[in-house]
Amino acid sequence: MSHLQEQDSQQVDPLNLALADELLRMTQILADLAYDLGSHPETLRRHMASLQSIDNITQMQIAVAEMLRSDASTEERIALVTLEGMAARLRAATSPGAAPATETETAPEAD
């Protein structure tokens, strides 16, 4: 269990908890799909980069779910995000006077 999941769930908005659960359901579906596709050598050879993107998305979903479950400060939650690019985007988006992210800034990337 991560540090964020150890927070007192009583203080977190129930909608945030439900959204976190939904993200984790989606994560499991994507992980199962990637496993199925990766178990076929031809598919794995042809679509390695796409399968790696699926893995990156699932890691991002887990990070968001953990953040939704936490009652820690914004800075504390972002500090625990292990995906460097995602953490940088979140810091930029939550800093005073932050401009909205552009389309290229919001696209998943290899972290």
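The protein contains 6 helices and 0 strands, and its elements, read along the sequence, follow the pattern α-α-α-α-α-α. The structure described here is a predicted model. Of the 111 residues of the protein, 24% are counted as buried, and the accessible surface comes to about 7600 Å², with carbon and sulfur atoms accounting for 57% of that area. When contacts between residues at least 6 apart in sequence are considered, 66% of them join residues at least 24 apart.

Helix 1, which covers residues 14–38, was examined with respect to its span, its start and its buried residues. With 25 residues at 1.5 Å a residue, helix 1 should span 36 Å, and because its end C-alpha atoms are 36 Å apart, the expected and computed values agree. At the start of this helix, a side-chain oxygen of D13 comes to within 2.7 Å of the backbone nitrogen of L15. The buried residues of helix 1 are A20, L23, T27 and A34, and what covers them includes helix 3.

Among these buried positions, T27 can be described in further detail. T27, which is found in helix 1, has a relative accessibility of 7%, and it therefore counts as buried, the cut-off being under 20%. The side chain of T27 reaches the backbone oxygen of L23 at 2.8 Å, L23 being itself one of the buried residues of helix 1. If residues up to four places away in sequence are not counted, T27 touches T58, Q61 and I62. Helix 3 comprises residues 48–69, and this element is included in what covers the buried residues of helix 1.

A contrasting environment is found for I29, which also lies in helix 1. The relative accessible area of I29 is 60%, and this residue is therefore classed as exposed, a class that requires a value over 50%. The C-alpha atoms of I29 and T58 are 9.4 Å apart in space, while the two residues are 29 residues apart in sequence. T58 is also one of the residues touched by T27.

The largest nonpolar core consists of 8 residues, namely M60, A63, M67, I78, V81, L83, M86 and A87. The elements that give two or more residues to this core are helix 3 (48–69) and helix 5 (84–94), and helix 3 gives the most, with 3 residues. In helix 5, the buried residues are G85, M86 and A87, of which M86 and A87 are listed among the members of the core. The buried residues of helix 5 pack against helix 3 and against helix 4, the latter comprising residues 74–79.

Turning to charged side chains, a search of the whole structure finds 4 salt bridges. One of them is formed in helix 1 between E22 and R25, with the closest N and O atoms 2.8 Å apart. Because E22 and R25 are 3 residues apart in helix 1, they are separated by about one helical turn. E22 is partly exposed, at 41% relative accessibility, and R25 is likewise partly exposed, with a relative accessible area of 48%.

Helix 2, which covers residues 41–46, contains two further salt bridges that involve E42. In the pair formed by E42 and R45, the closest N and O atoms are 2.6 Å apart, and because these residues are 3 residues apart in helix 2, about one helical turn separates them. In the pair formed by E42 and R46, the side chains meet at 3.3 Å, N to O, and because E42 and R46 are 4 residues apart in helix 2, they too are separated by about one helical turn. Salt bridges that share partners thus join E42, R45 and R46 into one network. Within this network, E42 is partly exposed at 40% relative accessibility, whereas R45 is exposed, with a relative accessible area of 60%, and R46 is exposed, with a relative accessible area of 62%.

Conventions:
Residues numbered from 1 in each chain as written. Predicted model: local features only at pLDDT ≥ 70, side-chain atom pairs only at ≥ 80, totals over all residues. Heavy atoms only, no water. Buried < 20%, exposed > 50% of the residue type's maximum accessible area, 1.4 Å probe, protein only. Contact = heavy atoms within 4.5 Å. Areas by Shrake-Rupley, 256 points an atom, 1.4 Å probe, with all protein chains shown as cover. Core = buried A, V, L, I, M, F, W, Y, C linked by side-chain atoms within 4.5 Å. Polar contact = N/O pair within 3.5 Å; in protein donor to acceptor, adjacent residues only side chain to side chain. Expected span 1.5 Å × (residues − 1).
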